[in-house]
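This report goes through a two-chain model, with the cut-off behind each term stated where the term comes up.

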Amino acid sequence: MRCQDSRRYLNPYMDSELDAKTCTDITNHLAVCEACSKRFAQEQEIEKRLVKRLQREKMPDESWEVILERLNAYDSPGRRRVRLAWLVPAAVVPVVTAVLMLFFLWGKAPDNTNSWSATLQEMHGKYLKQEISISPGLSWPQEFQGLTVLEHLPQSGVIGGHDVQLLGGRPFYAKDIHGAHIVYTCCNTPASMFILRKEDMRDLKRAQRLLDKGKGFAVVDLGNMRLSMIDLKEVVVCCISSHETNTLLTAFSRT
Amino acid sequence: MQESHFDRKKEFVALLSAHRDSLYRFCLHVIWDKNSAEDVLQEAILSAYKNFGHFQPGTNFKAWMFSFLINKIFDSNKRFKKEFQQVNSSQGLDIVEHLEKEEAYISILENPSVFFERMDARIKSALLALKPTERMVFLLRSVEGFTYKEIAQFLDLPIGTVMSHLSRSRARLRELLVDYARETGFVR
Ligand SMILES: [Zn+2]
Ligand SMILES: [Zn+2]
């Protein structure tokens, strides 16, 4: 075996995934080739250190507590369902089926009825309640890096008479949508801006209809909050705030 | 057989607690945002619990649990799934052969402890710079120790594709390390 051939097998060698024949060949080569055996050992060392660094992350106890609580909460309706099925006489199978189906549908409903605007509103609410933290240093995972709008966010300052502060941002993945969540204050009122790729928007048709009607701009009244949106071709920027943020939102289109 | 819910849950929690850190860090390293990661993880755990009746005692609980987690991650982000489907045929990048920055890389290989001490904070940024597919495959294999076959099943990919993703992610990570080493003057 030549050095070049042996090195092609470095990955499966490190992962102990070589077939018996190749494994013997490699071992034989490493036994006689100092250069390869040194390199293989060094690569394993690098890998080991990388892994060790990444394994340092541990689940915080608070997160574990939440999981246990959710498991406990899940158990109660589950037990009721079983008991109900036991109580119904076998003769009324269709009824049982209908009841179980109802339970099934009822159990599933909350996840599906949540539209994206409700999800965005919920996230803004979580920010206000300080349940989510926004990091001031904006660093985005690779999958966000194609979004030019993130590189040219409106910065703190006075924009069209409004006192705008950029507080920070984070990537988010919630229910069916994901994107970038950027938090500003406009005239001291918090405003969550969500940057969503159109191709990722599940309810795009509804949003697009609104945006088309308003020539690329739309406002939806959500009671104590308002959702305003602006169409920037590939992305839609949505804003949830109790403040009137049209000025801030249009600043995104100038980027 | 009427096993009580209480016992079933105790059993589930016992199995789960052995892997809590693995599940957490995988989710966090893939999704990146702590809040979203925790939401996705909770959903995955609940849905595994609902299906716990199908778990075969004595089989690999960690792998079973990860299959729920990966599905939830895909549900939460269509882009991840899409990227896996658009498999890149260009194998590209092999750890050893490739590295055009070979010389700089050699000095990292020669002084790993100094390098890693100095680069500590940058390791996570390097991971962040990988595509989600590369990140996932690397984490599943190297950090969590799953076999190629298990990873292929999780991601519904041929083993060969898993291998090329893995080889690309390892090469990319090393390239990034070299970049950081250059930036900080560790190598020229
Ligand atoms: Zn050799
Ligand atoms: Zn204002």
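How many disulfides are there over all chains? The count over all chains comes to 0 disulfides, a disulfide being a pair of cysteine sulfur atoms within 2.5 Å. Among the cysteines, A:Cys33 is buried at a relative accessible area of 11%, and B:Cys27 also counts as buried, at 1%; buried means under 20% relative accessible area, exposed over 50%, and partly exposed in between (1.4 Å probe, protein chains only).

The model is predicted, so that local features need pLDDT of at least 70 and side-chain atom pairs count only at pLDDT 80 or more, while totals for chains, interfaces and linings use all residues. Residues are numbered from 1 along each chain as its sequence is written, chains are lettered from A and ligands numbered from 1 in the order in which they are written, and side-chain values use heavy atoms, with hydrogens and water left out.

**Chain B**

Chain B holds 10 helices and 0 strands, where helices (H or I, at least four residues) and strands (E, at least two) are DSSP runs numbered from the N terminus. Of its 188 residues, 58% count as buried. Taking contact to mean heavy atoms within 4.5 Å, 73% of the contacts in chain B between residues at least 6 apart in sequence join residues at least 24 apart.

Most residues other than glycine have a negative phi. Two residues of chain B that are not glycine have a positive phi, as tabulated here.

| Residue | Phi | Loop in chain B |
|---|---|---|
| B:Trp32 | about 80 degrees | between α2 (20–31) and α3 |
| B:Asp156 | about 55 degrees | between α9 (148–155) and α10 (159–183) |

B:Asp156 is exposed, with a relative accessible area of 63%.

**The interface**

The contact between the chains takes 71 residues from chain B and 60 residues from chain A. The area buried between them is about 6,100 Å², of which carbon and sulfur atoms give 55%; buried area is the accessible area (1.4 Å probe) that two parts lose on being put together, summed over both.

Across this interface the rule finds 13 salt bridges, each a side-chain nitrogen of Lys or Arg within 4 Å of a carboxyl oxygen of Asp or Glu. One of them joins the side chains of A:Arg70 and B:Glu43, at 3.2 Å from N to O. On the side of chain B that touches chain A, helix α3 (residues 34–50) gives the most, with 11 residues.
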